[in-house]
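Q: Could you take a close look at the part of this model where the two chains meet, and walk me through what surrounds it? I would like the cut-offs behind each term as you go.

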Amino acid sequence: MLGLLGEQGSDFAYKVDFAHDIVTIISVICTVAIVGVMLYFAVIYRQRDGQDHETPKIEGNNTLEIIWTVFPTLVCIWVAWLGYDAFVDLRTPPAGAMEVNVTGRKWAWDFTYKNGKKTTGELVVPVDEPVKLVMTSKDTLHSFFVPVMRTKMDVIPGRYTHEWFRPIKTGDFQVFCTEYCGNEHSRMQTRLKVLPRAEFERWLADDSEARKLASLKPSDRGKELYVSKQCVTCHSLDGTPRVGPSWLKIFGKEGKLADGTTYKADENYIKESILYPQAKAVAGYPPMGMPSYQGQLSDDDITGLIEFMKTIDGTTKVELAPAAPKKSAASTAGMSPAQRGEALVKDSGNLCATCHSIDGSKMVGPSFKGLYGRKEKLSDGSEILVDEAYIKESIYKPQAKIVEGYGPVMPAMYEGKLTDENVADIIEYLKTLK
Amino acid sequence: MSAHASTAVNEEVNYLNWKTGIWSWLSSTDHKRICFLYLFSIMIFFIGGGIAALLMRTELMFAGPTIIKDPHTYNVLFTMHGVFMIFLFVVPGIPATLGNFLIPLMIGAKDVAFPRLNLFSWYLYVFGALIGAYAMLDPVDTGWTFYAPYSTTTNTSVSTMVFAAFILGFSSILTGLNFIVTIHQLRAPGLTWMRLPVFIWASYATAVIQTVATPVVGMTLLLVIAERTFGAGIFDPTKGGDPVLMEHLFWFYSHPVVYIMVLPAFGVVGEIIPVFSRKPLFGYKLVVLSSMAIAAVGFIVWAHHMFVAGISDFSAKFFSIITFLVAVPTAIKVFNWVSTMYKGSISFKTPMLYAMAFVFLFMVAGTTGIYLAMLGVDVYYHDTYFVVAHFHYTIQGGAVIGLIAALHMWFPKMTGKMYNETVSKCAFAALFIGFNLTFIPQFVLGMDGMPRRYYDYPPQYQTLHTISTIGAYLNGFGYTFALLNLLGTALWGKVKAPRNPYNSKSLEWQTASPPIHENFDEIPVVTEDPYNYGTPVPGGGH
């Protein structure tokens, strides 16, 4: 009705919202009525000329007292029932709901599926199917809140709690931790990704990456991640400074931070820098250059990366992944160019979303929203129309024409990685982001 | 001690000047002087907690780190804000200041039943406050709720802080006990229970809660210390304990404590509206009954703070239904206050403006409370900014506005001076507008799902946060303005207050302003109701 709680993502959301709207209407009417009567009395019975006028000695009225005892009681019973009814739905998962185990820890969420697949930082579920989360905590209290689903439950060490929902639409939705859990409480956010059934099945069955990583020794695992998580883009192995410091002999290195203090790159410093890159940025590098890997890397992944760093001695080489686009022809067949472009932009391997938002918010790079067709001022003072040619140039040669107010931090890694056709698809997608 | 009886005209001798020197105040067992001891000590923490709040609001004005560079400092600030405001300011707020000043005066007594115990309570408060301030040297980051296992594992001085709260609890218990005995034993001849002003009834209900509920939080806090010091394993699941038990014990006290804060404010409003409307309080008996009902029901609703904490669905349903029972007596009070104004002769002195603002703010607090009592809706709102806004309307809009209203109302009696009416009205306007501007956006933030206790937030919430911060500055300015006006006129004001500037019927106004040390020249005999205003009309009463 009133839509005060925003987008509805689950089948019981309408029930919660209905109860919410009913109370809103009752509350507004009651408040306006009572305050209105009070102000009306204040005006018509005001003292005039600073003189008291005669007042009647009215001490009460039993009929009125009965009315305003009984009436609120009845309203309360009705409203309590509305809340109760929605709660019963929220707390009763249908039999056969798909279960996902959720573990909260300071400060990330881990998800484990029935087939053994594990994710961190992203809960992926199919649309239109009931999902039951079986949750526990490794350390302190947390709470798993999915606003769009209208549900929330505390996550408690030493016992299991559960919540469930049936998503009614696909998309990415925000998940918050809502029980205070220490320093990074406000960053303990994760993403709920609702996929069409077939796509979810494909995603769930695809465990190749995880299996491969788990079988490697830590330093090799780190080496794999160095490529697959795109560390390679900004951190060289041969001493060349790029967007970030080179990893050559980085372990144990000492130096100056942007704020003038010194650092020593031990295990803890490296872990902190991976999770909270802005906390202790090395002097001379753009402070907003690196995104946080919070939720994208597990503790084992980070250990692997650290072990890998310890091995980098100048002879270390990695093989970059083949330049061919990752998506197979089969999965993009039948999609429109704009849809293919969207898939490319959102593909974590391409990293676009790391620096460019699609909702207009300013990140490391300009937002994609409304970008196409806009006039942008460049850092050399000239103006340019963002058209096909400019976008293509910016993807292949990012440093050529930089929009004013942004740093020269975008890696030149897309030439060969993205085909001309891919770029055309991306441009079609950008056109849809008004 | 410099105790010299004044040689000037007899009327000039009052409780403020009959003895002089700092020590005569620190050793005074006069309930009126103890009121001032409390007033000055709680104001220190009101200012401290207020500064913490403004720092937090400044940080939250824009997304991303701004003035506070790390989340730990932010977490310390909201803990400090909560602990200072709840344990050190609002809980002792009206009862220990106005309660101390007014209870003996309103019932026609010379002092409270145990004057030395009363002074001892203040020293306990100071002791607890000093320990609390000391704990802030290694500042606690748990939030004022001290939830386990975070509080039992965090590496900050939680033990010291909860010990401070434990001591403060004793101060509160002893004050409550003192008031209960005073109201039972020391009423003037003719002052029957049904002739007691509603402020006395509210203080009585408050004192009962203080005495009964506070020991439970004392126990709970000792258990937290035991857990931290000896690894007792009561809340630690790896040793068979249960963190949810801590929440039950904590809220068993901390829900009733909301009524410790707000019931006295109900009493204050019940005193102000009849005087400035020149009408008897409408439905006196029901107003009294509703205070007692709120106090009683308040004890069995605690788990409505825990609907998503892992309690059984059955108990969630039980506590939801009981919680709705609190709404009814609260609604009755509001209806009766407004009806009191009917056919009155209403003047808008500052206390009356605060009382009318209170009615509006408490309507908002009460109706938003309904959302949180509703199970299905509370699941969404729990631990979001909606809750933050709701309890600030209750505690600040209720208890603190009640305290400020009372300080204006009884200022002439307490100091013997009149405050500056124009200045206090301007301050009221700033404070009232600022308050609403701070917290209305926070309701909307809650609707959008913004969680509380967040150092940083996604950019979509920024506009509302910015508005809220601007409101907070205005609110802070309003309080500063209002309190400086009172302080300034108390110290340097030239306008002497008459005995009864508002022409009130209740006992405290029948003695001198300020009263003498023993309150009344002779113990008064009460022959009428405290709200005996207006001309009798046929069929007008019951």
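A: Happy to help; here is a walk from the contact between the chains to the core and then to some backbone details.

First, some ground rules: this is a predicted model, in which local features need pLDDT of at least 70, side-chain atom pairs count only at pLDDT 80 or more, and totals for chains, interfaces and linings use all residues. Residues are numbered from 1 along each chain as its sequence is written, while chains are lettered from A and ligands numbered from 1 in the order in which they are written.

Let's start with the contact itself. It takes 76 residues from chain B and 72 residues from chain A, where two residues are in contact if their C-beta atoms, placed from the backbone, lie within 7 Å. On the side of chain B that touches chain A, the elements giving two or more residues are α3, α5 (150-153), α8 (243-254), α10 (284-297), α11 (313-340), α12 (350-373), α13 (375-381) and β1 (535-536) of chain B. Helices (H or I, at least four residues) and strands (E, at least two) are DSSP runs, numbered from the N terminus. The largest share of that side, 12 residues, comes from α11(B). By class, the side of chain B that touches chain A has 46 nonpolar, 21 polar and nine charged residues. For these classes, Ala, Val, Leu, Ile, Met, Phe, Trp, Tyr, Cys and Pro count as nonpolar, Asp, Glu, Lys and Arg as charged, and the others, Gly among them, as polar.

The chains also meet through strands. Two bridges join strand β1 (residues 56-57) of chain A to β1(B), and these strands run parallel; two strands pair if DSSP finds at least two bridges between them. Within this pairing, A:Lys57 stands opposite B:Pro536 in β1(B).

Now zoom in on one residue, B:Ile370, which lies in helix α12 of chain B. B:Ile370 is buried, with 23 other C-beta atoms within 10 Å. The cut-offs are these: a residue is buried if 20 or more other C-beta atoms lie within 10 Å of its own, exposed if 12 or fewer, and partly exposed in between, with C-beta atoms placed from the backbone. Not counting residues up to four places away in sequence, B:Ile370 touches A:Val23, A:Ser27, A:Val79 and B:Ala327. The C-alpha atoms of B:Ile370 and B:Ser320 are separated by 9.8 Å, although the two are 50 residues apart along the chain.

B:Val359 is another good place to look. With residues up to four places away in sequence left out, B:Val359 touches A:Val35, A:Met38, B:Val334, B:Trp337 and B:Val338. B:Val359 is also listed, along with B:Ile272, B:Ala355, B:Phe358, B:Met374 and B:Ala405, among the residues with the most contacts inside the largest nonpolar core, which has 233 residues. Helix α3 (residues 71-106) of chain B gives the most to this core, with 22 residues. The core also draws at least three residues from each of domain 1 (13-91) and domain 2 (98-206) of chain A. A nonpolar core here is a set of buried Ala, Val, Leu, Ile, Met, Phe, Trp, Tyr and Cys residues joined through C-beta atoms within 7 Å.

Those two domains belong to an assignment for chain A that also gives domain 3 (219-311) and domain 4 (334-432); the bounds come from an automatic or database domain assignment. The C-alpha centres of domain 1 of chain A and domain 2 of chain A lie 40 Å apart.

Back in chain B, helix α14 (residues 385-409) has a kink of about 25°, centred on B:Ile401. The bend at a residue is the angle between axes fitted to the seven residues ending there and the seven starting there. Because 24 of the 25 residues of α14(B) are buried, this helix is largely enclosed by the rest of the structure.

A few backbone details round off the tour. The peptide bond from B:Ser513 to B:Pro514 is cis, with omega near -10°, and B:Pro514 is found in the loop between α17 (462-492) and β1 of chain B. In chain A, the peptide bond from A:Lys106 to A:Trp107 is cis too, with omega near 0°, and A:Trp107 sits in the loop between β2 (98-105) and β3 (108-112) of chain A.
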